[in-house]
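Colleague: I'm new to this one, so could you walk me through it and tell me how you back up each description?

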Amino acid sequence: MITDVFLFWFLAIVTLAAGITVVTVTNPIYSALALAMTMIGVSALFVTLGAYFLAGVQIIVYAGAVTVLFVMVVMLFDLKYEVVAFSRGKVSGALKLASGATLGGLLIGSIFLTVNGVTKAVSVGTSEKAGDTTKELSRLLFTKYVFGFEALGVLLLIIAVGAVALARSKGGTHAEH
Amino acid sequence: MPNIDSAVSSAAPNMVLLTDTIPVGIGLTHYLVLSAILFVLGMIGVLLRRNAIVMLMSIELMLNAVNLSFVAFSHFLGLIDGQIMVFFVMTIAAAEAAVGLAILVSIFKRYREVNIRFFEHLRG
Amino acid sequence: MGNSLTEIIINSIKLILVFLIMVQAVPVLVWLERRGSAFIQNRFGPNRIGPLGLMQLLADAVKFLFKEEFSPAKSVKFLYYAAPVVALVPATLAFAAIPLGAPVQWDQYVFHLQGYEISVGIVFVLAVSSLATYAILLAGWGSGNKYALLGALRASAQVISYELALGLSIVGVILLYGTFDFNEIIQAQQGPLILHWMGHEITFLSFLPNWGIFYQPLGMVIFFASAFAESNRLPFDLAEGEAELVAGFHVEYGGFKMLLFFIGEYGHMLVSSALIATFFLGGYTIPWVSMAELTQWVGTFIQTPNWISLVTGLITFAVMFAKIAVFLWIFIQVRWTLPRFRYDQLMDLGWKTMLPWALFNTILTATVIYFAHLG
Amino acid sequence: MPAAVPVVLPLGGVIFIAIFVLCFGAFLLFLASKLGTVNPDPVKYESYECGIPVQEKKDTKISVKYYLTAILFILFDIEIIFMYPWANSFQDFIKSDQGGMVFASMIVFLLIFIFGLFWEVKSKALEWD
């Protein structure tokens, strides 16, 4: 039990530190790398929650694909340190920070107020064997959520077509001259 | 394998408060607070940063925070549905990043600019 | 990592041992590569130091350690030094997840001859190896050299393109065994090859072992070819096309930093070979000999159950390494036999040839499994 | 409460060996930097461009092809990831007589996938010259 607690705090600190780095660092390349670290941290937190398969998918999709795209784009743009990384204007900046803090306070407060009322369905056996979570996940995905699954397939197709069309349109990256 | 829906309804009489079942250690609250902090971090990033790429990264951060709370709920409530939602959110997030970056790259190629304030001046 | 301090310590030592196996394999592979290439090209290769030039490894290590350590003036120091260190991680993590031998039973303890048992092993290995792109991109960006950056972009575009074919070719294997767990896949490949079709048993092939290669020949070919591209080796080492790109993403690296990249690359080869052996060649099992027969045979020499278990584990470990060695030799042989692809040919091969064939393999496997279970 | 104990062993091991390898690599680099001779020379610290004087360019033109490849990779990668849970439990579905439905839904998904791939090839988004 003590190792569990230790693991959670370790991962939480790593994830939060990486998340803060994403927002505060002025060099976008370090932002992207910190984002990758955040993804890995969140994936490890998934493991502590028993979502083994999702943890793997999180790394493959986010850290292995999406963030690589971010890193590549930053490299293509050849962006160095920014002079004006943050929005100017002291009043508006303070306002934005304050609104962020307010939202955070509200969220955390509501979590503490309501979490006691969250009830747990006792008899539903999420098995402790990880493979079973995966099988359960795919059973639900292909029965209850099969329509959403197909819809996502269509969405991905549209995005693939759209991304290429965007790149080939006038002014796009692959425009024909 | 038990059907989830029927299992929930049949289990309704002996539902227990989560706080009763967790004597020590890490509970739902920990994960939810962590996810809330990550979400707020992402929001502050979107509000404060001017680089459009970093803003997209902050949006990814927010989506990750949501994923974390989905999985936490799924684990502590014993329902797999949350994990499937995470699956969907991941797909949407990747699609959003792909299209967002495609637009950014198009604009950058033309105007060599990623500052979000510059985007206001764009006219069709 | 375990519930008591002893378990934690034992597991830590085991993990470090697995890592050291990987690191120690690298100089041997380098020696093999140099001697092997010399053999293929009818020359001698390193033969001055020690018998068969074996001591060359030691000399090289010392040389690397005493080389001058410097970084180009335009490099981003942190990323430049981080890249070779990061390059070590994916291969190590992936290698530790692959079972290298039968579990050893010692009194009430069970030692698995693998770093950690993960029930979603396949997904884990794929996830970890998808992180290998970062080392390449970091090296290219950190060097502050435009050729390095170009090489890095090329290499990473190549790696991610072939990751698609690699990931899709495994779907057939997962369909076949219905699990992500390496140990279960190895268990399922024991015994003779008996095909099931609509409730009938087809036994005329039962002189063959029940290996995945006989079910998934196309999947294996695609997996093997993608593994070459993933580890950036010839005929896919476009990142290193020295004619136009000097030496690719590691042009500014020398001395020990280069050696770390080497360990990463050879580690990748090791992982690929081990994965092929696990998926398609029965892993650590011996063909035509079941585990029970092996234990019985060992039992004729040794009496103590602990030692029987240990010797059995070591024998299976040796078998696994023999299988890995075969594929490592093919890696080396191919490198010195085939010429390099052109970049457009490479991308065409990945996207327009291997991806459709892998799709075809998936559909075929699913259809056959579906109809085989009817009746 | 679902027990979280069996998680700890692999996750702790992964984190341990990752940190160990990072320290190992950093230590070796440190050792090499201490042991090696230092012999500075201004030319040595220039970028290596085959020995000719370094050509300074303000903006290096890098083909955006790489980036389009990366976008297409993300999309197809996700489609492949969707096949993993399906492949993992396809035989279980067949055993519980849901095989036909699941098989059909996957075929529809695969057709969408194939159509997307076909479209990309046809629109020459994957051409390298």
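Colleague: What makes the span of H2(A) agree with its 21 residues?

Modeller: Keep in mind that this is a predicted model. At 1.5 Å a residue, H2(A) should span 30 Å, and its end C-alpha atoms are 30 Å apart, so the two values agree.

Colleague: Why is H2(A) called largely enclosed by the rest of the structure?

Modeller: A residue is called buried if 20 or more other C-beta atoms lie within 10 Å of its own C-beta. In H2(A), 19 of the 21 residues are buried, so the label fits.

Colleague: And what comes just after H2(A)?

Modeller: Gly50(A), which takes a positive phi of about 85 degrees.

Colleague: How do H2(A) and H3(A) sit relative to each other?

Modeller: H2 covers residues 28-48 of chain A and H3 covers residues 52-77 of chain A; their axes come within 8 Å and cross at roughly 175 degrees. That makes the pair roughly antiparallel, because angles over 145 degrees count that way.

Colleague: Which residues meet there?

Modeller: On the H2(A) side they include Leu35(A), Met39(A), Ile40(A) and Phe46(A), and on the H3(A) side they include Tyr52(A), Ile59(A), Tyr62(A) and Phe70(A). By class, the residues of this contact divide into 19 nonpolar, three polar and no charged.

Colleague: How many residues of chain C are in contact with chain A?

Modeller: 19 residues of chain C are in contact with 17 residues of chain A. On the chain C side, the elements giving two or more residues are H4 (121-129), H5 (132-142) and H6 (146-177) of chain C. That side has 13 nonpolar, five polar and one charged residues.

Colleague: Moving on to chain D, what is its secondary structure?

Modeller: Chain D has three helices and zero strands, so from the N terminus on its elements read α-α-α, each one being a helix. Buried residues make up 39% of its 129 residues.

Colleague: How confident is the predictor about chain D?

Modeller: The pLDDT of chain D averages 80, and 83% of the residues score at least 70. Over residues 1-7 of chain D, though, the pLDDT is below 50; that stretch has 15 contacts in the model beyond near neighbours in sequence.

Colleague: And what does the model score for ipTM and pTM?

Modeller: The ipTM is 0.88 and the pTM is 0.88.

Definitions and conventions:
Residues numbered from 1 in each chain as written. Chains lettered and ligands numbered in written order. Predicted model: local features only at pLDDT ≥ 70, side-chain atom pairs only at ≥ 80, totals over all residues. Axes fitted to C-alpha atoms, helices over the stretch in contact; angles between N-to-C directions. Helix = DSSP H or I, 4+ residues; strand = E, 2+ residues; numbered from the N terminus. Parallel < 35°, antiparallel > 145°, perpendicular 65-115°, else oblique. Contact = placed C-beta atoms within 7 Å. Nonpolar A, V, L, I, M, F, W, Y, C, P; charged D, E, K, R; others polar. Buried ≥ 20, exposed ≤ 12 C-beta atoms within 10 Å, placed from the backbone. pLDDT = per-residue confidence, 0-100. Expected span 1.5 Å × (residues − 1).
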